[in-house]
Amino acid sequence: MQRKNDIRGGLNIFEGMLLSRMNKLVTALLLSILLSSVAFAGARPQKAVFILCYHTFMGNNPKSTIDFSVDEFRAQMREIITNGFRFVTYRDITNDTLTGVTNVLITVDDGFKSMLPVYSNVMKPMGIQPVIAIYPAIIGVGSAFMTWKDIVALANDGCEIASHGYNHERITADLLLTSPKVFSNEIYRSKKMLETNLGRPVTAFVYPYGVRSAVTVSNVRAAGYTCAFTIERGAVLLPLSENRDMHQLSRYMIITSKKDWENIMTYMKAFVRRTNI
Ligand SMILES: [Zn+2]
């Protein structure tokens with residue numbers, strides 16, 4: 001204590017200077033707090049999109065948590081519009097032409113034939129141009145999946161075709177070690193095959209099951225995909241470069257649980273309210 005007083009005493013001659021420095025420090029501190037709150041306000045997303053992921057629209061399998069009837073799907077799309085959101089396209093988000101946070105992009109995984117009636121009866125009349133994630137090994141196999149002709153027609157109508165692997169494998173670091181050819185097919189061969197058959201670039205990748213490792217993501221990037229989609233939930237910021245990783249963008253996988261759908265809509269509406277504060 002005594003020593004402390006001595007030190008203080010010894011510094012007395014600089015007291016005025018110290019006080020002045022202290023004032024400057026306090027001012028700097030207050031300024032930095034002010035600036036950080038301004039920075040926070042600036043960081044509040046100004047542009048964002050919610051990306052929803054569907055699978056099948058057969059409506060004949062109540063046990064499946066990812067199968068909707070056409071009517072159930074239409075009801076959800078109407079709810080999106082009723083709540084003030086609008087449908088946007090893959091081109092809108094990659095070209096960064098959107099404003100605001102009330103944007104919704106529809107994606108449909110796996111290439112089931114049930115895409116066709118829901119597209120012509122619901123999506124097209126409502127102006128929805130979805131991203132359709134296809135894995136080439138399944139195309140034309142049996143009656144449940146689309147043919148190349150179907151997919152080309154959808155692409156020509158403005159839908160975006162994404163690669164969903166070649167054979168819908170879990171593309172992990174282990175797969176690269178055990179079956180490098182399979183790993184490569186999923187990322188590189190699928191892209192090439194889709195592009196050859198569609199006659200246009202394929203720039204979006206959708207991880208089968210959402211599964212990936214760091215080496216998966218780096219290969220997807222190296223293969224020339226502009227962006228890639230997961231099934232981790234959250235809003236996607238725009239432009240896409242604002243996200244932590246353009247090759248791991250969030251999507252909401254939509255399941256038949258009404259409660260889950262309500263939760264998603266509640267979150268989306270709350271996100272819009274927070275942004276408008
Ligand atoms: Zn899939």
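Strands here are DSSP runs of at least two residues, numbered from the N terminus, and Met253 sits in one of them, strand S9 (residues 252–253). The close-ups below all come from a predicted model.

**Figure 1. Met253 in strand S9 and its partners from elsewhere in the chain.** Met253 is partly exposed, because 19 other C-beta atoms lie within 10 Å, and a residue needs 20 or more to be buried. Setting aside residues up to four places away in sequence, Met253 touches Cys53 and Ile231. Look also for Ile51: its C-alpha atom is 8.7 Å from that of Met253, although 202 residues separate the two along the chain.

**Figure 2. The largest nonpolar core, with 61 residues.** Val49, Ile51, Ile132, Ala162, Ala204 and Ala228 have the most contacts inside this core. Strand S1 (residues 48–54) gives the most to it, with seven residues. As background, nonpolar side chains in soluble globular proteins tend to be buried together. For the wider setting, the chain has ten helices and nine strands, and buried residues make up 33% of its 277 residues. Of the contacts with a separation of 6 or more, 64% are between residues 24 or more positions apart.

**Figure 3. Ala228 and Val206, two residues in contact.** Which residues does Ala228 touch, not counting those up to four places away in sequence? They are Ala204, Phe205, Val206, Tyr207, Val220, His247, Gln248 and Leu249. Val206 belongs to strand S6 (residues 204–206) and is buried, because 26 other C-beta atoms lie within 10 Å. Beyond its neighbours within four places in sequence, Val206 is in contact with Asp109, Ala133, Ala162, His164, Ala228 and Phe229. The C-alpha atoms of Val206 and His247 are 9.3 Å apart, with their positions 41 residues apart along the chain.

**Figure 4. Helix H3 (residues 70–82) and its buried side.** If you like a quick geometry check, this helix offers one: at 1.5 Å a residue, its 13 residues should span 18 Å, and the end C-alpha atoms are 18 Å apart, which agrees. Is the side chain position of Phe73, Met77 and Ile80 in H3 buried or exposed? Phe73, Met77 and Ile80 are buried. They cover an arc of only 55° around the axis, so they lie on the same side of H3. The face turned away from that buried side carries the exposed residues Asp71, Arg78 and Thr82. Strand S3 and helix H5 are among the elements covering the buried residues of H3. Just after the helix, Gly84 takes a positive phi of about 90°.

**Figure 5. Asp110 and Tyr209, two residues other than glycine with positive phi.** Asp110 has a phi of about 95° and is found in the loop between strand S3 (103–109) and helix H5 (115–123). With 22 C-beta neighbours inside 10 Å, Asp110 counts as buried. Tyr209 has a phi near 60° and lies in the loop between S6 and helix H9 (214–222). Tyr209 is partly exposed, because 13 other C-beta atoms lie within 10 Å.

**Figure 6. The cis peptide bond from Leu238 to Pro239.** Omega for this bond is near -5°. Where does Pro239 lie? Pro239 is in the loop between strand S8 (236–237) and S9, and S9 is the strand that holds Met253.

Key:
Residues are numbered from 1 along each chain as its sequence is written. This is a predicted model: local features need pLDDT of at least 70, side-chain atom pairs count only at pLDDT 80 or more; totals for chains, interfaces and linings use all residues. A nonpolar core is a set of buried Ala, Val, Leu, Ile, Met, Phe, Trp, Tyr and Cys residues joined through C-beta atoms within 7 Å. A residue is buried if 20 or more other C-beta atoms lie within 10 Å of its own, exposed if 12 or fewer, and partly exposed in between; C-beta atoms are placed from the backbone. Helices (H or I, at least four residues) and strands (E, at least two) are DSSP runs, numbered from the N terminus. Two residues are in contact if their C-beta atoms, placed from the backbone, lie within 7 Å. The expected span of a helix is 1.5 Å times one less than its number of residues. The arc is that of the directions from the helix axis to the C-beta atoms.
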